[in-house]
Amino acid sequence: MTPTGRRSPITRRQLLGFGLGTATAGLLAGCAVPGSTNVNKAALIPAASGGETVQLTYWAWLKDLQKVCDVWNAKNPRIQVTANWIPGGNSGGYQKMYSALAAGGGPDIGQVELRQIPEFMLANGLTDLARYGAKDFESKYDEAAWAQVSFVDGIYGIPQDTGPMGFYYQTAILEQAGGEPPATWDDWKVLAEQVRKTGKQNYLEVFPVADASPFAAYAQQAGARWFRIDGDEWVVDMTDDKTMMVAEFFDGCIDEGLVDTSAGAYSPGWYAACASGRIAAVTSASWGDALIQSVQGGEGKWKVAPMQTWGDTGFGSSAIGGSTAAVLANAKHPAEALEFITWMTTSKEGIDAMIKYCGIGWSPAVDYIGAARQQPSEWFSGQNYNEEVFVPASKEQNVDWSWSPVTQSAFTSLQNQFRRKLTGGLKLTDAVELAQREIVQSFRDKGLSVRTAR
């Protein structure tokens, strides 16, 4: 335990020691995009000769990414980068990338969410950047972000932004309820009860059954580890004590009517409820600040506190979202692509441009959060919340957590089962067990060897 009573994160070296050995290469390369080859078994592609101008393409759903590229292009005539907008990953962007890879093409760089990295690896869709010197940059990134791109002693993307979590709240509503920002989830439940007493339609927060991301984040914070590799098998462990504790906790909250289950955070209904004072708070990622600022009449009424913890177990924060700048398998200039994306994600110029033009989530650089995020926020009651809350939160993550090649289908299974809580009274604990069965089958459908931990 740390001096504050929080569990120390497992180091990346320990993470890689938990069975992520050479056998993993077969587990993560068992399937491939039709027509693709494993670029990471081919000879290295040499950097361009001195007089040659390299043209890179970058596919991403970030707004105004070209303006970031233009900052680089103005000072680096040898490497010129063109950004092409694509839909968000699961809204069509990933399929566009897979189709291009299958045809032997695609961009040099693609925006790939942290949780989708293993699925792209399974399809032989990514270049191992360790072969081009990416490990030299490890010390420049938050440990948890770097752990998410590290597999089989390779590096399969460069962290672009992350989503450490905090507790956003409306100060007047908490004062009316007689409560303070909660230090633990038990405190959170007491506060939820107090808020409910202030009005029939008043809630502290929502619990979205149609979005499993928050639940996964809560389990992650508690210390769960849903997916790992043991020898030549994937091990699925979603019914561990930590996950069941989280499921049981929210079962009780739903059964007691302490959370609003009608809509998720940042939905139209949620915005209306926040504006009218019927929703008091949201436990969300750092990037939630920009979305919360769309609450009508909310300026000066909100503040941010550290995420509530699971008491003596787990970690100080968790994370939702986050993406990488990944070099795709058909990139013609991987060395130059690595040079650009490490500049973009670690230099002051690059980070400031990414915040200004693209509105990225939390910068994964260890020593710079961006000039705009070092200042107090008038909207959030004059609070310097990025430095007060999210700098510590980014360093209080469960680095033992990793995603799998079936992340999207896993979320779909969880969401489908969670909906049954509302339609048929299914317990969340039972929903997780049923979802795990479907997720194990998803592994098998991809031809992967898999077993459950218990």
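This is a short walk through one open sheet, the helices on it, a hairpin and a loop residue.

Hi everyone. Before we start, a word on ground rules. This is a predicted model, where local features need pLDDT of at least 70 and side-chain atom pairs count only at pLDDT 80 or more, while totals for chains, interfaces and linings use all residues. Residues are numbered from 1 along each chain as its sequence is written, and side-chain values use heavy atoms, with hydrogens and water left out.

Let's begin with the sheet. Five strands make an open sheet in the order S2-S1-S3-S12-S6, and the pairing is mixed. For those who like cut-offs: strands are DSSP runs of E with at least two residues, helices are runs of H or I with at least four, and both are numbered from the N terminus. Two strands pair if DSSP finds at least two bridges between them. Which strands stand at the edges? They are S2 (79-85) and S6 (158-161); each has a single partner strand, so one side of each is left without a neighbour in the sheet. From one strand to the next, the twist averages 30 degrees.

Now please look at S3, residues 109-113. S3 pairs with S1 (residues 54-60) in the parallel sense, over two bridges, and there Tyr58 stands opposite Ile109. With S12, S3 runs antiparallel, joined by five bridges, and in S12 the bridge partner of Ile109 is Val327. Is S3 buried or exposed? Five of its five residues are buried, where buried means under 20% relative accessible area, exposed over 50%, and partly exposed in between, using a 1.4 Å probe and protein chains only. Ile109, Gln111 and Glu113 point one way, Gly110 and Val112 the other.

Next, the helices. H3 (residues 65-75) lies across S1 and S2, at about 175 degrees to S2. Helix H13 (residues 334-346) packs on the sheet and touches S1, S2, S3, S6 and S12 (323-327), with its direction at about 35 degrees to that of S6. Those angles run from 0 to 180 degrees between N-to-C directions, with axes fitted to C-alpha atoms, for helices over the stretch in contact. Contact, by the way, means heavy atoms within 4.5 Å.

One residue in H3 to pick out is Asn73. Asn73 is buried, at a relative accessible area of 13%. Leaving aside residues up to four places away in sequence, Asn73 touches Gln66, Ile79, Gln80 and Val81.

On to the hairpin. S8 (residues 227-230) and S9 (residues 233-236) pair in the antiparallel sense over four bridges, with Asp230 opposite Glu233. Two residues sit between the strands, and Gly231 in the turn has a positive phi of about 65 degrees. The side chains of S8 alternate: Phe227 and Ile229 point to one face and are buried, whereas Arg228 and Asp230 point to the other and are not.

Last stop, Gly321, in the loop between S11 (302-306) and S12. Gly321 counts as partly exposed, at 44% relative accessibility. Not counting residues up to four places away in sequence, Gly321 touches Leu114, Gly163 and Trp287. Thanks for listening!
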